[in-house]
Structures are given as structure tokens and as C-alpha cells.
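Colleague: Please take a close look at one part, the second largest pocket, and set it against the chain as a whole.

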Amino acid sequence: MRALRAFVGSVLVFEVLLPVVYLAVVFGGCLFGISTYVIESGSMEPSIQVGSLVYVNNDLEASELAPDEVIAFRVDGANAEVCTHRIIANDIESQAVSTKGDNNKEIDATPIPYANIIGRVVYRIPYLGFIAYFVSSYRIVIFFAYVLILVSTFLLYRSISKRKSDYGKRRRNTYGIKQYC
């Protein structure tokens with residue numbers, strides 16, 4: 001019974017810590033000017049795999065970007081899709097960079113203006129993007145399933161703890177032992 005209670009208690013602690021760790025990993029960088037993105041295409045493989053979560057530092061001076069750095073940028077302006085490619089050249093006069101995906105054979109046709117650059121990729125975690133994408137797609141279902149599992153685990157833990165405390169009382173009453181000192 002003690003082992004079961006310890007196991008259920010550990011599961012309960014894990015269930016409480018899991019979302020905290022997930023939120024810290026995925027959204028914690030926002031406090032320091034870092035955005036997170038999920039890689040959806042294979043244009044940067046093998047250096048960045050599909051499904052990786054990349055951290056992009058938004059605080060940069062575009063003129064300081066050097067060739068061979070990986071950046072995130074908007075393809076066609078403010079609301080366009082975000083792309084992650086490696087810089088081939090930085091033309092300070094035209095205020096644009098030429099980029100290329102590691103897995104692409106040719107340089108991207110259109111240079112990226114400085115205004116479209118989001119930032120420099122500073123870190124990546126392979127495959128965590130799959131989890132982030134799944135969670136963001138099915139937030140409501142995951143939330144209710146999580147709450148249901150958390151509540152049921154808490155009730156199970158409480159039931160086991162109560163049963164243990166009641167077990168000692170029943171035992172004393174069953175045998176009629178009383179302590180007078």
C-alpha cells in the first residue's frame with residue numbers, strides 16, 4: 001500500500017510539473033526577447049530537422065548579420081509565413097540578405113529585406129516542435145483530458161491516504177485494545 005501511495009504521489013507531482021516545464025520551454029524565452037517557432041519543412045535538414053523547436057533572438061541589428069548564420073524571416077511582409085534559412089550574403093547597401101536552405105540546391109530567388117528579418121536562430125530542440133504543434137492544435141481537448149487525469153489522480157491519492165489512516169483505526173477497534181496511559 002505504501003508503494004502504491006508513493007507511486008501515485010509521484011505521478012501527481014509529475015502531472016503538476018509537466019505543464020510548468022512545457023510552458024517554460026516553449027514560452028519562457030518571451031521574457032528575454034526570444035520567440036519560438038516550429039520547423040515544418042525539410043529545407044534546413046540535416047542541421048535543423050523537421051519538427052524542431054527553434055529559439056529566435058529578436059534583438060539584433062540586421063547589418064551585423066554574417067554569412068553562415070541561420071535567421072528567421074517573413075517571406076512576403078508582416079503577416080506572411082515565417083521561414084528559417086542560412087545567410088549566404090549580407091548586402092548592407094540594399095539592406096537585404098541572400099539566404100539558402102541547407103537542403104536546397106539554389107539560393108533563394110528573392111533577397112530578404114532587413115524589415116522582414118525576425119531574428120537569429122540561437123538554439124534548437126529536435127522533435128519538440130511536434131509536441132508544441134500538437135498541443136497548440138488540440139488545446140481544448142488536451143486541457144480537459146489533463147484536468148480529468150489530474151483530478152482522478154488526486155482523488156486516488158486521497159483515497160489511498162484515507163484508507164491507510166482508517167486501516168489503523170479499524171484494527172484497534174476490531175481487537176478492542178485501548179490505551180490508558
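**The second largest pocket**

Modeller: In the protein chain, 58% of the contacts (heavy atoms within 4.5 Å) with a separation of 6 or more are between residues 24 or more positions apart. This is a predicted model, in which local features need pLDDT of at least 70 and side-chain atom pairs pLDDT 80 or more, while totals for chains, interfaces and linings use all residues. Residues are numbered from 1 along each chain as its sequence is written, and side-chain values use heavy atoms, without hydrogens and water.

The protein chain has three helices and seven strands, counted as DSSP runs (helices H or I, at least four residues; strands E, at least two) and numbered from the N terminus. Their order is α-β-β-β-β-β-β-β-α-α. Of its 181 residues, 28% are buried, that is, under 20% relative accessible area with a 1.4 Å probe, protein chains only.

Now the pocket. The term stands for an open set of points on a 1 Å grid over the protein atoms alone, where a 1.4 Å probe fits, with protein on both sides within 12 Å along at least five of seven lines. The volume of the second largest pocket, the space filled by probe spheres set on the points, is about 300 Å³. Its lining, meaning residues with an atom within 4 Å of a point, consists of 13 residues, and V38, I39, E40, V82 and C83 lie nearest the centre. Two elements, β1 (34–38) and β4 (82–91), each give two or more residues to this lining. β4 gives the most, with four.

Terms used: Buried means under 20% relative accessible area, exposed over 50%, partly exposed in between (1.4 Å probe, protein chains only).
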